[in-house]
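Me: I should like to go through this structure term by term. Please explain on what grounds each term is applied.

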Amino acid sequence: MAPLITNIYTADPSAHVFEGKIYIYPSHDRETDIQFNDNGDQYDMADYHVFSTESLDPAAPVVDHGVVLKTEDIPWVSKQLWAPDAATKNGKYYLYFPARDKEGIFRIGVAVGDRPEGPFTPDPEPIKGSYSIDPATFVDDDGQAYLYFGGLWGGQLQCYQKGHDVFDASWQGPKEPTGEGVPSLGARVGKLTEDMRQFAEDVRDVVILAPETGEPILADDHDRRFFEAAWMHKYNGKYYFSYSTGDTHYLAYGVGDSPYGPFTYGGRILEPVLGWTTHHSIVEFKGRWWLFHHDCELSKGVDHLRSVKVREIFYDKDGKIVTEKPGKKNGVFWMAKV
């Protein structure tokens, strides 16, 4: 397993195919003296790099395009540039990112550039109506763009149970709904405006259904409920919403007929890796499908010092995601490290 990146730690990889290349938009982990806690304070990222490669062959070079956006560039941000994503439309490139505002509340911002590798110029204010973390963009075949987001515990999603515009500070920290029959909290999704910089509508809840009941997955079902790391991709006309289960450390997914859902739980994509978090993206490149994710192997288990990896994934005849193709053993091809 050859290293992909040798100069920095990288995590939360959002991969896209732009201009015939793979572009990777990760968060940038760094050393910190902040002690581990369930609020995520140790994830003290302060800038973003962009990487690109023309091939997923392990011998192919990967280009680090350097810092494309940093905390000091963004007027509304106080700290913690967490997992980003990117999209293109109408000849422009858009970098979406979460960060804490001056009051310590997570919002989602957008920065705009002329090239996939940046640089990116941030809008002076966060997206109106945005909150929580882990933005993921999806541009459908008709050109309409959507933004998914949300994360529990340190990501503050549980603070918005009274409404999308009501922040309840009493729910801050490692908290979430619990109890018999209580449905889980879902990610959020909203259609974006044509210029990709605001919501075109009120955001909606993303609902994941249990296949055995047809009802929403329950809050106490931590093996299947949404926690963070939303991602959307499309395969054979179906919408695949994938996510992390957080404290049980799985990557899971559901399938639906609309970008809004609901999505019926389909299974796991990845079992727990070394390190607390798991976060991913799925992209088709040159006729093959790839799962980008991270773990902490190269930092020997330091949770906030992670490294990007990639592996091929497949679909069975029923459209289920599988990681092993019959008759062929598939492993990790390359990864990122310091």
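Reply: The turns below take up pockets, cavities, buried residues, contacts and backbone details.

Me: What kind of model is this, and how are its residues numbered?

Reply: This is a predicted model, in which local features need pLDDT of at least 70 and side-chain atom pairs count only at pLDDT 80 or more, while totals for chains, interfaces and linings use all residues. Residues are numbered from 1 along each chain as its sequence is written, and side-chain values use heavy atoms, with hydrogens and water left out.

Me: What makes a space a pocket, and what is the volume of the largest pocket?

Reply: On a 1 Å grid over the protein atoms alone, a pocket is an open set of points with protein on both sides within 12 Å along at least five of seven lines, whereas a cavity is a set of points where a 1.4 Å probe fits but cannot get out. Grid points are joined across faces, edges and corners, and a volume is the space filled by probe spheres set on the points. By this reckoning the largest pocket has a volume of about 400 Å³.

Me: Which residues line the largest pocket, and which elements give two or more of them?

Reply: A lining residue has an atom within 4 Å of a point. The largest pocket has 20 such residues, and H16, F138, V139, M232 and V283 lie nearest its centre. Two or more lining residues come from each of β2 (9-18), β7 (85-89), β11 (136-139), β16 (228-235) and β20 (281-285). These strands are DSSP runs of E of at least two residues, numbered from the N terminus.

Me: How is the lining of the largest pocket divided by class?

Reply: Ala, Val, Leu, Ile, Met, Phe, Trp, Tyr, Cys and Pro count as nonpolar, Asp, Glu, Lys and Arg as charged, and the others, Gly among them, as polar. The lining of the largest pocket accordingly has 12 nonpolar, 4 polar and 4 charged residues.

Me: What is found at the second largest pocket?

Reply: The second largest pocket has a volume of about 190 Å³. It is lined by 15 residues, with S184, L185, G186, D205 and V206 closest to its centre. Its lining comprises 8 nonpolar, 4 polar and 3 charged residues.

Me: How many cavities of 30 Å³ or more are there, and what lines the second largest cavity?

Reply: There are 2 cavities of 30 Å³ or more. The second largest cavity holds about 30 Å³ of space, and its lining consists of L152, E176, P177, S184, L185, A219, R225 and F226. By class, 5 of these are nonpolar, 1 is polar and 2 are charged.

Me: Why is A86 called buried?

Reply: Buried means under 20% relative accessible area, exposed means over 50%, and partly exposed lies in between (1.4 Å probe, protein chains only). A86 has a relative accessibility of 2%, so A86 counts as buried. A86 belongs to strand β7. Contact means heavy atoms within 4.5 Å, and, not counting residues up to four places away in sequence, A86 touches H16, F18, Y25, Y94, L95 and T137. A86 and Y25 are 61 residues apart in sequence, yet their C-alpha atoms are 7.1 Å apart.

Me: Why is I217 called buried, and where does it lie?

Reply: The relative accessibility of I217 is 1%, and therefore I217 counts as buried. I217 lies in the loop between β15 (208-209) and β16. The C-alpha atoms of I217 and P183 are separated by 6.1 Å, with their positions 34 residues apart along the chain.

Me: What makes the side chain of T53 a partner in polar contacts?

Reply: A polar contact is a pair of N or O atoms within 3.5 Å; within protein, one must be able to donate a hydrogen and the other to accept it, and residues adjacent in sequence count only if both atoms are side-chain atoms. The side chain of T53 reaches the backbone oxygen of S55 at 2.8 Å, and a polar atom of this side chain lies 3.1 Å from the backbone oxygen of P61.

Me: How many disulfides does a search of the whole structure find?

Reply: A disulfide is a pair of cysteine sulfur atoms within 2.5 Å, and the search finds 0.

Me: Which peptide bond has omega near 0 degrees?

Reply: The bond from G261 to P262 is cis, with omega near 0 degrees.

Conventions: Helices (H or I, at least four residues) and strands (E, at least two) are DSSP runs, numbered from the N terminus.
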